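Hi,

Here is the structure I promised to pass on to you. Have a look at it first, and then read on for my notes.

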Amino acid sequence: RTLEELRRRILVSAVPRAEQGVACNVPNFKMNGKVVVGFAAFTNYLRYLPHGGSVFPELREEPAG
């Protein structure tokens, strides 16, 4: 459910015109042929994979802790 919610939020809020794909067994979203974000699930954790330097300044206070 968590991955489905993450996927929905990416498509609805972040990059609604994104094209969905998979590379290296990781679901990802592309804009104009370029991967902008991906995510993956592992046994004990989930991983969100932003593919752009502009993401981190926007979220600089979010990852605290």
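Below is what I found, going from the sheet to the helix, the core, the turns and the aromatic rings.

Please keep in mind that this is a predicted model.

**The sheet**

A good place to begin is the sheet, which is open and built from 4 strands in the order S1-S2-S3-S4, with antiparallel pairing. At its edges sit S1 and S4 (residues 46-50), each of which has a pairing partner on one side only. From one strand to the next, the twist averages 25°. As general background, strands of a sheet pair through backbone hydrogen bonds, in either a parallel or an antiparallel way.

If you want to follow the pairing strand by strand, start with S1 and S2, which run antiparallel and are joined by 5 bridges. Here Val22 has Pro27 of S2 as its bridge partner. Next come S2 and S3, also an antiparallel pair, with 4 bridges. In this pair you will find Met31 opposite Lys34 of S3. Finally, S3 and S4 run antiparallel with 5 bridges between them, and Ala40 stands opposite Arg47 of S4.

**The helix and the core**

What lies across the strands? Helix H1, residues 2-14, lies across S1, S2, S3 and S4, and its direction makes an angle of about 165° with S3.

Within helix H1, a residue to click on is Ile10. Is Ile10 buried or exposed? Its relative accessibility is 5%, and buried means under 20%, so Ile10 counts as buried. Leaving aside residues up to four places away in sequence, Ile10 touches Val15, Pro16, Phe29, Val37, Phe39 and Tyr48. One of these contacts links distant parts of the chain: Ile10 and Val37 are 27 residues apart in sequence, while their C-alpha atoms are separated by 8.5 Å.

Ile10 also belongs to the largest nonpolar core, a set of 7 residues that is completed by Leu11, Val15, Ala18, Phe29, Val37 and Phe39. The elements that contribute two or more residues to this core are H1 and S3.

**The turns**

Now for the hairpins. S1 and S2 form one with 2 residues between the strands, and in it Cys24 has a positive phi near 55°. Asn25 is found in this loop too, between S1 (19-23) and S2 (26-31). Its phi is near 65°, again a positive value in a residue other than glycine. How accessible is Asn25? Its relative accessible area is 76%, and exposed means over 50%, so Asn25 counts as exposed.

The hairpin of S2 and S3 likewise has 2 residues between its strands, and there Asn32 takes a positive phi near 55°. Asn32 sits in the loop between S2 and S3, the latter spanning 34-41. With a relative accessible area of 82%, Asn32 is exposed.

S3 and S4 form a hairpin as well, this one with 4 residues between the strands.

**The aromatic rings**

One last item for your viewer: the structure holds 2 aromatic pairs. Phe42 and Tyr45 make up one of them, with 4.9 Å from centre to centre and 25° between the planes. Why does this pair count as stacked? Planes under 30 degrees apart count as stacked, and the planes of Phe42 and Tyr45 are 25° apart, so the pair falls in that class.

Are these two rings buried or exposed, or somewhere in between? Phe42 has a relative accessibility of 40%, and the value for Tyr45 is 41%. Partly exposed covers the range between 20% and 50%, so Phe42 and Tyr45 both count as partly exposed.

**Where to look**

If you have only a few minutes, I would suggest three stops. Go to Ile10, which is buried at 5% relative accessibility; then to Asn32, exposed at 82%; and then to the stacked pair of Phe42 and Tyr45.

Happy browsing, and do write back with any questions.

Best wishes

Note on methods:
Residues are numbered from 1 along each chain as its sequence is written. This is a predicted model: local features need pLDDT of at least 70, side-chain atom pairs count only at pLDDT 80 or more; totals for chains, interfaces and linings use all residues. Side-chain values use heavy atoms; hydrogens and water are left out. Buried means under 20% relative accessible area, exposed over 50%, partly exposed in between (1.4 Å probe, protein chains only). Two strands pair if DSSP finds at least two bridges between them. Axes are lines fitted to C-alpha atoms, for helices over the stretch in contact, and angles run from 0 to 180 degrees between N-to-C directions. Contact means heavy atoms within 4.5 Å. A nonpolar core is a set of buried Ala, Val, Leu, Ile, Met, Phe, Trp, Tyr and Cys residues joined through side-chain atoms within 4.5 Å. Rings of Phe, Tyr and Trp (its six-membered ring) pair if their centres lie within 6.5 Å; planes under 30 degrees apart count as stacked, over 60 as edge-to-face and the rest as tilted.
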